[in-house]
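Colleague: I would like to take a close look at a single part of this model, and I would be glad if you could go through it slowly for a first-year student.

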Amino acid sequence: MRLMNSRFYYDDITLDRAHHLRTDETWLSSNLSGSNARVIPVWQNQSLIFAGDRPEAAILGGTDAENIRQHASTLIFLGMEGDIIYSAADLSHLEDPHSINLPNNSGFEDLRRLATTLDPIDAGYLAYARALVHWHQNHLFCGVCGTATVAGRGGHERACANQSCGKVHFPRTDPTVIMLVTHPTEEKCLLGHNKKFQGLRFSTIAGFVEPGEMLEQAVAREVYEETNIEVVDVEYKASQPWPFPASIMLGFRAHAVTTEIICHDQELIEAKWFSREEVLEMAAGNEALPPSNLSISRWLIDGWLYEK
Ligand SMILES: [Zn+2]
């Protein structure tokens, strides 16, 4: 089911997650390896890609899929599209994934680096697979008693093997707020340069939501902590899955009520008010702003740029 037109990467996944089948062990064991089964391999946070002028996501069927399944430490049921059944296979335990005869011309790559060159729906499947495999890799032991955990429910939970504990662990998604802040009196928006940015010079302000906090409070707190700017009228716009490793980006607009920028913490190196002309000038240089069609940050910036 398609909820809306795609706006940026990873927001176009049309997979039916078929929640009710996760507990049906008989169905899983006969269908995850059947002729309609497709496997998405993940190795140490990297996704399998067919190289070429236009790289393609390796979503494998037939004997290639069987080979991957035989070597996987965990097979995770992702869902169905029509009668095609998708699963993710974790190969992270292998020292060298090429030791298991991967398909010709394929290799493991960082999805973030390649995403815009892949088919957007395939990229969404790979992102989902990568996120769940990452979660398994980081929950091999119970956080309550330290005993090893065992995957269940088609790979959507890990249960503690210690029967006196019995804690069941579920995949988590970390909410992150990302916001386009507009100037109180002038036609300007607030953008910052984060020390982690490589190439990219300016983008929207972002940060993690803290426990016990409303999203609106997280927006106001993050903007204030990073730039000294106070905001009101926080308004939700859109979300983008960002499973690198486990976030969902929640996009907002907010209006500033102060203008003096001070970069309080060590995250932002610089923040500035930009006019539309200045943003368009930066957009002409490839690395100044986030690339279009990739991120919710650019979508928020473009939304402001072209709203008049
Ligand atoms: Zn336990």
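Colleague: In what order do the three strands of the open sheet stand, and is the pairing parallel or antiparallel? Please go on from there to the zinc ion and its donors.

Modeller: Before the details, please keep in mind that this is a predicted model, in which local features need pLDDT of at least 70 and side-chain atom pairs count only at pLDDT 80 or more, while totals for chains, interfaces and linings use all residues. Residues are numbered from 1 along each chain as its sequence is written, and side-chain values use heavy atoms, with hydrogens and water left out.

The three strands form an open sheet in the order S7-S8-S9, and the pairing is antiparallel. Strands here are DSSP runs (E, at least two residues), numbered from the N terminus, as are helices (H or I, at least four residues), and two strands pair if DSSP finds at least two bridges between them. Strand S7 (149–152) and strand S9 (168–169) stand at the edges, and because each has a single partner strand, one side of each is left without a neighbour in the sheet. Between S7 and strand S8 (residues 157–160), which run antiparallel, there are four bridges, and Val 150 is found opposite Ala 159 in S8.

Turning to the metal, the zinc ion is coordinated through the SG atoms of Cys 142, Cys 145, Cys 160 and Cys 165, at 2.3 to 2.4 Å. Donors are N, O and S atoms within 2.8 Å of the metal (3.2 Å for Na, K and Ca), and since water is not among the atoms, sites may look incomplete. In sequence, the donor residues follow the spacing C-x2-C-x14-C-x4-C. The four donor atoms subtend angles of 94 to 117° around the zinc ion, and therefore the arrangement is tetrahedral, a word used for four donors if all angles lie between 85 and 135 degrees.

Two of these donor residues can also be described by their accessibility, where buried means under 20% relative accessible area, exposed over 50%, and partly exposed in between (1.4 Å probe, protein chains only). Cys 142 is buried, because its relative accessible area is 5%, whereas Cys 145 has 34% relative accessibility and so counts as partly exposed.

Technical notes: Tetrahedral: all angles 85-135°; square planar, octahedral: opposite > 155°, others 65-115°.
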